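Please open the model in your viewer and keep the sequence panel beside it, since the tour moves from one selection to the next.

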Amino acid sequence: MTALAIDGTTPGPAVTAPPEKAQAGSSRMRLYVRRFLRNKPAVGGLVGFVLLVAFALAGGAATTWHYTDIDLLALTAPPGGTHIFGTNNVGGDIYAQVVHGLGRTLIIALSVSAVTLVIAAFLGGLAAYVGGKPQTVILGIINFLLACPAFLMMAIVAQKTGGNWVMLIVVLTLFGWMIMARVVWQMSTSIREREYVWAARYMGVPGPMVVLRHIVPNIGSLLVVQFILGIVSTVIQETALSFLGFGIKIPDVSLGSLLTNGQQTLATMPWAFYFPAGTLTLLTISVALMADGIRDALDPNSAAGGRA
């Protein structure tokens, strides 16, 4: 039997309000999105980055040539016909090589940036949490590695790997987490004194879990920006190593190795240099604009925050 209200009407189903925490989180995310979308250069960078990723994933469908194919009948052919970006001095299709090289560079950059972020966030947060002698030891190791000529060491180790892109990811990761870890440590030193961190300590939560559950999430905005900036840094490092001959080796290609081959024949085949250089320039600019937009969106004192 259906119960009636005092006025004789049938009451509707009870409406449960969503949790206040979820409402606050969703409204904060909408605010960040509005701030980002008001930043036109940042939106342009996001669009450019998405287009470059789409080009790396599906751009090969526009040609029948593979990046390892050789056309002996079209050596140093200019752009046009079946070779959209022309060919190099051995008959390789520049377009197919740029598509593959962009994809290889993106895989390396995203992988290195993500892994270094995880290492830096954990070690930096752990050093700030434990303090004392463990903090001194961790910071001492970080400072020692920062004092070493990292690029020279990366070049030497990368040379021994024979141009394998997986090993290049390992090399760039090993020498790329220290600066980010120090930044995380500086931010975490203030968070470790918050009430919820002390409450977790008194409840007997292990130190690593406190770092992962309470310290790292509260510097999430910093980590997001550092991840985007890490992509730019890794792209530059990978390009520099490949350009100097310490990175990706033939038959595999990256944007850096294509620039190396193109600059050797710049006078006779400018397209072999300018197409990879243009792609690399678009990639770095778009990611840098995205990073600036995300940083402004997450910063409450930025001009974007006031407009939102």
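## Starting in a loop

Begin by selecting Asp 71, which in this predicted model lies in the loop that runs between helix 2 (40–58) and helix 3 (94–130). Is this residue buried or exposed? Asp 71 is buried, and yet it takes part in no salt bridge, the nearest side chain of opposite charge being that of Arg 104, 23 Å away.

Next, add His 83 to the selection and display both side chains, which are joined by a polar contact of 2.8 Å. To see the surroundings of Asp 71, set aside the neighbours within four places in sequence; the residues in contact with Asp 71 are then Trp 65, His 83 and Gly 91.

Now move to Leu 75, which is also placed in the loop between helix 2 and helix 3. Leu 75 has a relative accessibility of 43%, and because this value falls between the limits of 20% and 50%, the residue counts as partly exposed. Extend the selection to Ile 70, Leu 72 and Val 90, which together with Leu 75 make a nonpolar surface patch of about 390 Å².

Finally, clear the selection and show the whole protein, whose secondary structure consists of 13 helices and zero strands. Of its 308 residues, 42% count as buried, while the accessible surface comes to about 16,300 Å², with 69% of that area belonging to carbon and sulfur atoms. If you draw the contacts between residues at least 6 apart in sequence, 69% of them join residues at least 24 apart.

Methods. Residues are numbered from 1 along each chain as its sequence is written. This is a predicted model: local features need pLDDT of at least 70, side-chain atom pairs count only at pLDDT 80 or more; totals for chains, interfaces and linings use all residues. Side-chain values use heavy atoms; hydrogens and water are left out. Helices (H or I, at least four residues) and strands (E, at least two) are DSSP runs, numbered from the N terminus. Buried means under 20% relative accessible area, exposed over 50%, partly exposed in between (1.4 Å probe, protein chains only). Lys and Arg count as positive and Asp and Glu as negative; His and the chain ends are not counted. A salt bridge is a side-chain nitrogen of Lys or Arg within 4 Å of a carboxyl oxygen of Asp or Glu. A polar contact is a pair of N or O atoms within 3.5 Å; within protein, one must be able to donate a hydrogen and the other to accept it, and residues adjacent in sequence count only if both atoms are side-chain atoms. Contact means heavy atoms within 4.5 Å. Patches are made of residues with over 30% relative accessible area and no salt bridge: like charges are joined within 9 Å, nonpolar side chains (Val, Leu, Ile, Met, Phe, Trp, Tyr) within 5 Å. Accessible areas come from the Shrake-Rupley method with a 1.4 Å probe; for residues, only the protein chains shown count as cover.
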